[in-house]
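The report below describes a predicted model, taking strands and helices before turning to enclosed and open spaces.

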Amino acid sequence: MIFRQLFDSVSGTYTYLIASRRGGEALIIDPVLEKVERYMQLVRELDLKLVKAVDTHLHADHITGLGALRDQTHCITVMGEQTKADVVAMRVSEGDRVGIEGISLDVLYTPGHTDDSYSYLMGDRIFTGDTLLIRGTGRTDFQNGDPRAQYDSIFNKLLRLPEETLLFPAHDYKGDTVSTIGEEKRFNPRLQVKSIDEYVDLMNNLHLPNPKMMDVAVPANIHIGLHQEEIARKGWAVSAKDALGLRGRADVVIVDLREKSERERHGVIPGALHAPYADLQENLSEGGMLHELAVATGKRVLFYCAFGERSAMAVQAAQDAGVGTACHIEGGIDAWKKAGGVVGE
């Protein structure tokens, strides 16, 4: 397995690049905007294909690299379903899995630092974001932070993992790079409390200054969505309301780009063809399923995903591949449902 821990000294942020093998698919956790070119250099050196970029929560101390990485690699952006970010391609919740070739991360909802904080468990290691730090815990005094929720996340989820589980946080300010669940149980001073009320009192009396970048980072990190207006300006977008009238037409094929787990959880547009975004280039190349379908039938290809981000990128890729009938449903199945569209299992 390829595992790289990268550090941004300005914000004290750790970023993790993970792949099962050289030349394979990769994902990145908590990227920092100013370090994107370094990440891309490493991706090229290791001959990796970046397919997913994950933020553990909406950061207040740095601007995320999610949008820049998506624009450069067409990767899938991932955050928790509670996030206030305007558009991310995939929103996850407790019990979901984030997978790439040879790697699977179990999703744990661990609010408290923020209300959209998640941790990701991968075998013998856990990526805890700012929920549980090395000899510390994330502050709970902004972005709907809640010390009671954090206590529950830490004591009733994270600390119940095997003690030998390696702990990799999103931040450290002392130079520590890794700990274990067992170490934190024994040596983390904030975890030596006797009750939830004692923990709440401790966290409510830290009196910390706001992060220096907070006023810049939070608004920037909320507005990371792919600007779908350009796709619409080119005439390649269909509103959800208009898409309702296209379902079932003989000259239209609706294509679902989401992953199997998303389809099972959120339902599907009945009659849609399933062609996961991860296989898009293969499907659009000459001889590929979507390319041949469009060429052989002349049907209009109507992509959709969760919120319109993947489908917008798919439209551009399809047009570039010569599939001139391609367009997408703005806002994805989320907009489809809000427009009263039928959803099946």
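## Parallel strands around β18

Strand β16 (residues 252-256) and β18 pair in the parallel sense, with 5 bridges between them, and within this pairing Val 255 stands opposite Phe 303 in β18. Strand β18 itself spans residues 300-304 and is mostly covered, since 4 of its 5 residues are buried.

β18 is also joined to strand β19 (residues 327-329), by 2 bridges and again in the parallel sense. Here the bridge partner of Leu 302 is Cys 327 in β19.

## A mixed sheet of six strands

An open sheet of 6 strands follows the order β7-β8-β9-β10-β13-β14, and its pairing is mixed. The strands β7 (97-100) and β14 (179-180) stand at the edges with a single partner strand each, so one side of each is left without a neighbour in the sheet.

At the β7 edge, 4 bridges join β7 to strand β8 (residues 103-109), and these two strands run antiparallel. In this pairing Val 98 stands opposite Leu 105 in β8.

## Helix α2 and the residue that follows it

Helix α2 covers residues 66-73, and Leu 66, Gly 67, Leu 69 and Arg 70 are buried in it. Seen down the axis of α2, these buried residues fall within an arc of 165°, so they line one face of the helix. The spacing invites comparison with a general rule: an α-helix has 3.6 residues a turn, so residues three or four places apart point the same way. What covers the buried residues of α2 includes β3 (25-29), α1 (36-45), β4, β5 (76-80) and α12 (309-320).

Just after α2 comes His 74, which takes a positive phi of about 60° although it is not a glycine. His 74 is found in the loop between α2 and β5, and because its relative accessibility is 38%, it counts as partly exposed.

## Val 54 in strand β4

Val 54 lies in strand β4 (residues 49-54) and is buried, with a relative accessible area of 0%. Leaving aside its neighbours within four places in sequence, Val 54 is in contact with Ile 28, Ile 29, Asp 30, Pro 31, Leu 66, Val 78 and Tyr 120. One of these contacts, Leu 66, is also among the buried residues of α2. By contrast, Val 54 and Ser 195, which are 141 residues apart in sequence, are 33 Å apart in space, C-alpha to C-alpha.

## A second positive phi

Gln 143 likewise is not a glycine and has a positive phi, of about 50°. As background, most residues other than glycine have a negative phi. Gln 143 has its place in the loop between β12 (136-137) and α3 (147-156), and Gln 143 counts as buried because its relative accessible area is 19%, where the cut-off for buried is under 20%.

## The cavity

The structure holds 1 cavity of 30 Å³ or more, and the volume of the largest cavity is about 70 Å³. The elements that give two or more residues to its lining are β6 (90-92) and α9 (260-266), and the largest share, 4 residues, comes from α9.

The residues that line the largest cavity are Met 90, Arg 91, Val 92, Asp 96, Arg 97, Ser 261, Glu 262, Arg 265 and His 266. By class, this lining divides into 2 nonpolar, 2 polar and 5 charged residues.

## The two largest pockets

About 740 Å³ of space lies in the largest pocket. Of the 33 residues that line the largest pocket, Ser 11, Asp 61, His 171, Tyr 173 and Pro 211 are the closest to its centre, and the lining divides into 13 nonpolar, 10 polar and 10 charged residues.

The second largest pocket holds about 340 Å³ of space. Of the 23 residues that line the second largest pocket, the closest to its centre are Lys 49, Val 51, Tyr 277, Ala 278 and Asp 279. At least two lining residues are supplied by each of β4, β7, α10 (280-284) and α12, with the largest share, 4 residues, coming from β4. The classes represented in the lining of the second largest pocket are 11 nonpolar, 5 polar and 7 charged residues.

Key:
Residues numbered from 1 in each chain as written. Predicted model: local features only at pLDDT ≥ 70, side-chain atom pairs only at ≥ 80, totals over all residues. Heavy atoms only, no water. Pairing = 2+ DSSP bridges. Buried < 20%, exposed > 50% of the residue type's maximum accessible area, 1.4 Å probe, protein only. Contact = heavy atoms within 4.5 Å. Arc of directions from axis to C-beta. 1 Å grid on protein atoms, 1.4 Å probe; cavity = no way out; pocket = protein on both sides within 12 Å on 5 of 7 lines; lining within 4 Å. Points joined across faces, edges and corners; volume = space filled by probe spheres on them. Nonpolar A, V, L, I, M, F, W, Y, C, P; charged D, E, K, R; others polar.
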